[in-house]
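Open your viewer, load the model and keep the selection tool at hand. We will walk through the fold one stop at a time.

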Amino acid sequence: MAIVVENISRLAELHQLLPWNHFSGRPGRSTTNTVHYLVQWIKEAWRKGKVVSILFLDVEGAFSNVVIEQLIHNLRKQRIPSTYIKFIKQLLTGRQTRLKFDNFISESIAILNRIGQGDPLSMILYILYNADLLEITGDKEKEDALGFVDNTALMVIGDSFQEMTARLEELMSKEDGGVQWSVDHNSRFETSKSVVLHASRRTQQDPKTDGSRILLDRPKHIIEGQVIQEVKSIKYLGVQINNQLRWNEQAQRVSANTTKWLLQYRMLE
């Protein structure tokens, strides 16, 4: 199994079969690279006088909802050698399980979907499975995406948050967009956990108070009739990022964690 994983990963990197903007489970890439890229993308937009909107999508039950036929289709489309595709198909076909609790053991239950989360193949297979989601963006100067396992962020830049909200909604609702990917891949977005962050330090004149300035207007973002929560700050891959790229919250979290562990160590004395 480990040899198969190593060979598929090597071929995928050598022939650039994976989306370049997926950072997890790949050699030489880490959470740090992902966060640095996100921050750099925001700052580049600000230097051009633009604003940034980022939609953080949460996929419900990512590994357990993988459709085997769709996975095999993706492997063929990404030009994975047929020998490995045959091996993977045999590995994931005809599986059964039983439920056991107390003194009860169920009859055998066929496993029609899912890849085994935690097994050596799971990471590279899921990266190949959700590759299409990271390729729904169009204009690379104004739209981009980031993937880290099942964490996906869609990023857009423009002149106003009204424009950005419309563009994000288009990315999700267009024919080959996020919603269609969700349907085709049996991967429902959990809208209660998906959030949007509007990043800008620009302000505007407060129409109610002379000489006072307020944040730019931020319209509601809606996916399939569901209002997506707007946040001023989000914990992304363990790092607290706010909409003005101020790092006070992250510093406070790190300080609090340091204090907690110091107190734990003192108890050992």
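The tour below starts with the whole chain and then moves to single helices and residues.

**The whole protein**

Begin with everything shown as a cartoon, and keep in mind that this is a predicted model. You should find 8 helices and 14 strands. The C-alpha atoms fill a box of roughly 70 × 60 × 40 Å along the principal axes. Colour by burial next: of the 269 residues, 43% count as buried. Switch on a surface, and about 15200 Å² is exposed, with carbon and sulfur atoms supplying 50% of it. If you draw contacts between residues with a separation of 6 or more, 65% of them join residues 24 or more positions apart.

**α3 beside α4**

Now select residues 68-77 for α3 and 82-92 for α4. How do the two helices run relative to each other? Their axes come within 11 Å and cross at roughly 170°. An angle over 145 degrees counts as roughly antiparallel, and therefore α3 and α4 are described that way. Show side chains to see the contact: I68, L71, I72, L75 and R76 come from α3, while I85, I88, K89 and L92 come from α4. By class, this contact has 7 nonpolar and 2 charged residues, with no polar ones.

While you are here, think about the spacing of such positions. Residues three or four places apart in an α-helix point the same way, because there are 3.6 residues a turn.

**The loop residue Q78**

Select Q78, in the loop between α3 and α4. Is this residue buried or exposed? Q78 has a relative accessible area of 10%, and because the cut-off for buried is under 20%, Q78 counts as buried. Leaving aside residues up to four places away in sequence, Q78 touches L17, L128 and A131.

**α1 across α4**

Add residues 2-14, which form α1. The axes of α1 and α4 come within 11 Å and cross at roughly 135°, so α1 is oblique to α4. The crossing is left-handed. On the α1 side, pick V4, N7, I8 and L11; they meet Y84, F87 and I88 of α4. This contact has 6 nonpolar residues, 1 polar residue and no charged ones. Look again at I88, which also appears in the contact of α4 with α3.

**α5 under cover**

Select residues 122-129, helix α5, where 7 of the 8 residues are buried. Which ones are they? The buried set is S122, I124, L125, Y126, I127, L128 and Y129. Bring back the neighbours to see the cover, which includes α1, α3, α4 and α7 (178-184). You have already met L128 as a contact of Q78.

**T165 in α6**

Move to residues 161-173, helix α6, and pick T165. With a relative accessible area of 5%, T165 is buried. Beyond the residues up to four places away in sequence, T165 touches H198, P219, K220 and H221.

**I111 in β5**

For the last stop, select I111 in strand β5, which spans residues 109-111. Its contacts, not counting residues up to four places away in sequence, are R95, Q96 and T97. Try a distance label from I111 to L91: the two lie 20 residues apart along the chain, and their C-alpha atoms are separated by 12 Å.

Technical notes. Residues are numbered from 1 along each chain as its sequence is written. This is a predicted model: local features need pLDDT of at least 70, side-chain atom pairs count only at pLDDT 80 or more; totals for chains, interfaces and linings use all residues. Side-chain values use heavy atoms; hydrogens and water are left out. Helices (H or I, at least four residues) and strands (E, at least two) are DSSP runs, numbered from the N terminus. Buried means under 20% relative accessible area, exposed over 50%, partly exposed in between (1.4 Å probe, protein chains only). Contact means heavy atoms within 4.5 Å. Axes are lines fitted to C-alpha atoms, for helices over the stretch in contact, and angles run from 0 to 180 degrees between N-to-C directions. Angles under 35 degrees count as roughly parallel, over 145 as roughly antiparallel, 65 to 115 as roughly perpendicular and the rest as oblique. A crossing is left-handed if the near helix is turned anticlockwise from the far one by less than a right angle, and right-handed if clockwise. Ala, Val, Leu, Ile, Met, Phe, Trp, Tyr, Cys and Pro count as nonpolar, Asp, Glu, Lys and Arg as charged, and the others, Gly among them, as polar. Accessible areas come from the Shrake-Rupley method with a 1.4 Å probe; for residues, only the protein chains shown count as cover.
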